[in-house]
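Good morning, colleagues. Please have the sequence and the coordinates open while I speak.

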Amino acid sequence: MSTRRADPDKPLAQERYASARTTDVLLGNLVAKKCEIVTSPEHRRLILFLHDLSTRSGCRHHPTANLFPAWPIGDPRLSGSAFDRVAEDLPSLFPARIKSSDRIADFLTSLCLDPKCDPATAILPGCRNVIDLLEAYREKFCAAESRAVAATEATSIIWSTLDYALSQGGMVLIEGTWRVGKSFSAQAWAQKHVGECRYVQLSSGRDDTTFYRDIARCLGTAHSTQIVASKMRARIEAMLRTQSLLLILDEAQFIWPQSPRYQVAPQRVNWLITALLNSGVTIALIASHDFTRLLRNVEERCAVFGSEQFHGRLRHRVQLPNALNESDLASVARAIMPEATARTIMLLVGHALKSKGRIAAIESAVTRARFFAARESRSIATFADVDAALVEAGSASPVSRDALAESPRLRGERTAGRLVFSEGGRIEPADRRRAALR
């Protein structure tokens, strides 16, 4: 349409709504220009934190984590821009230091974009030390997600490696099998370091446009369908080269060509090396075991690619355990279902040990059990609900309720479900226990 107004009596034209304000995301390249003139690293981190929040506007899931984890889904405050929500939170968190939220959202926008709004001297009428309050809010926001993270071996390795990358720079590689919690652990770490990193989950698209759009979307730079790959790439480089952000690329096996024929060198890998790493950008790659296989294929079949360039830039490379042990699964079950009793946790662990999905098996069982409880107007799912969910899913008969009630340290095989309790209280497959008794 050539005008922003349309006669309501005329036939409907969908474009009449195209100019509506549907998002309040601040453009990443403009925020980066503001950060260039800010001298304090703490103030730059605060501005990048606020910019990250702006990318979460619109009541939707963010690639890093749910918007404002402290607010439950369905809360009426989940409408509007992220800065409006911050403006509502601050007076409730600091009632003695800030009285009104009327001008906070506009102040946050100016703080991120206006070169004249210096964080060191910025003043908000009616609020004392507004920058200190925003720093306290950032700390509260970053701590909100850590309470729901299970302390598994894989999580510990991922967090330690990302801490190393953030402090030392360069490029690190984390490889692991599927369904051990790689993505969730990386997302949880990114949630604890908002303003210091950006988490990107790559998709399987073979075209470069999809690859750069995935990154641009999480950086907050322009990424509409009308923008070609070269322009998105230029904006991404301008954003990352000037900031001390850790770029976390999940599903990193997709940086390699997915075709068995390699006519040219892998462009995405070369771009990461030459345009980002050589300019001081820190990168963390999180990938499945396909990463090594695809790398080996390129090394063997592509004569114009020198893999030494890639290997020489790896600061650290780590392998995750191939499976979660019983202790890890129990931690995951407690994080997913904190209201569960000890015997419910053991039941979920036993089910996960038999399932290929492992963590996904626990999530599915708990979700179904809570559905059963809600259908009966109960707020908490019980052992019986989990039991019913496992039986419905086709799982073998679970551990006997009567046997569980007797003692948590049962000996021998008490169930047709092929699960037993060892003397230390662990759940083991019956075949393994039977072989140990021979």
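R217 is partly exposed, with a relative accessible area of 39%, where partly exposed denotes the range between buried, under 20%, and exposed, over 50%, for a 1.4 Å probe and protein chains only. Its salt-bridge partner is D214, with N and O 3.5 Å apart; by a salt bridge I mean a side-chain nitrogen of Lys or Arg within 4 Å of a carboxyl oxygen of Asp or Glu. D214, in contrast to R217, is buried, at a relative accessible area of 10%. Both residues belong to helix α8 (residues 208-219) and are three residues apart, about one turn of the helix. Helices (H or I, at least four residues) and strands (E, at least two) are DSSP runs, numbered from the N terminus.

A word on provenance. This is a predicted model, in which local features need pLDDT of at least 70 and side-chain atom pairs count only at pLDDT 80 or more, while totals for chains, interfaces and linings use all residues. Residues are numbered from 1 along each chain as its sequence is written, and side-chain values use heavy atoms, with hydrogens and water left out.

To continue with charged pairs: a search of the whole structure yields twelve salt bridges. One of them joins D52 and R198 at an N to O distance of 3.4 Å. This pair links distant parts of the chain, since D52 sits in helix α2 (residues 41-54) and R198 in strand β2 (residues 197-201), 146 residues apart. D52 is buried, with a relative accessible area of 2%, and R198 is buried, also with 2%.

A further salt bridge connects R138 and E135, whose closest N and O atoms are 3.7 Å apart. These residues are separated by about one helical turn because they lie three residues apart in helix α5 (residues 130-143). R138 counts as buried at 7% relative accessibility, and E135 is buried at 14%.

I turn now to the cysteines. How many disulfides does the structure hold? There are zero disulfides, a disulfide being a pair of cysteine sulfur atoms within 2.5 Å. Why is C35 not bonded to C112? The sulfur of C112 is the closest cysteine sulfur to that of C35, yet the separation is 7.7 Å, too far for a bond. C35 itself is buried, with a relative accessible area of 1%. For C117, the closest cysteine sulfur is again in C112, at 9.0 Å, which is too far for a bond. C117 counts as buried at 12% relative accessibility.

Next, the open space. The largest pocket has a volume of about 510 Å³. Of the 26 residues lining this pocket, the closest to its centre are G181, F184, S185, I359 and E363. Elements giving two or more residues to the lining are α7 (182-192), β4 (282-287), α13 (326-336) and α15 (359-375). Helix α7 supplies the largest share, four residues. As to method, a pocket is an open set of points on a 1 Å grid over the protein atoms alone, where a 1.4 Å probe fits, with protein on both sides within 12 Å along at least five of seven lines; lining residues have an atom within 4 Å of a point.

Finally, L30 is found in helix α1 (residues 28-36). At 40% relative accessibility, L30 counts as partly exposed.

Note on methods. Grid points are joined across faces, edges and corners, and a volume is the space filled by probe spheres set on the points.
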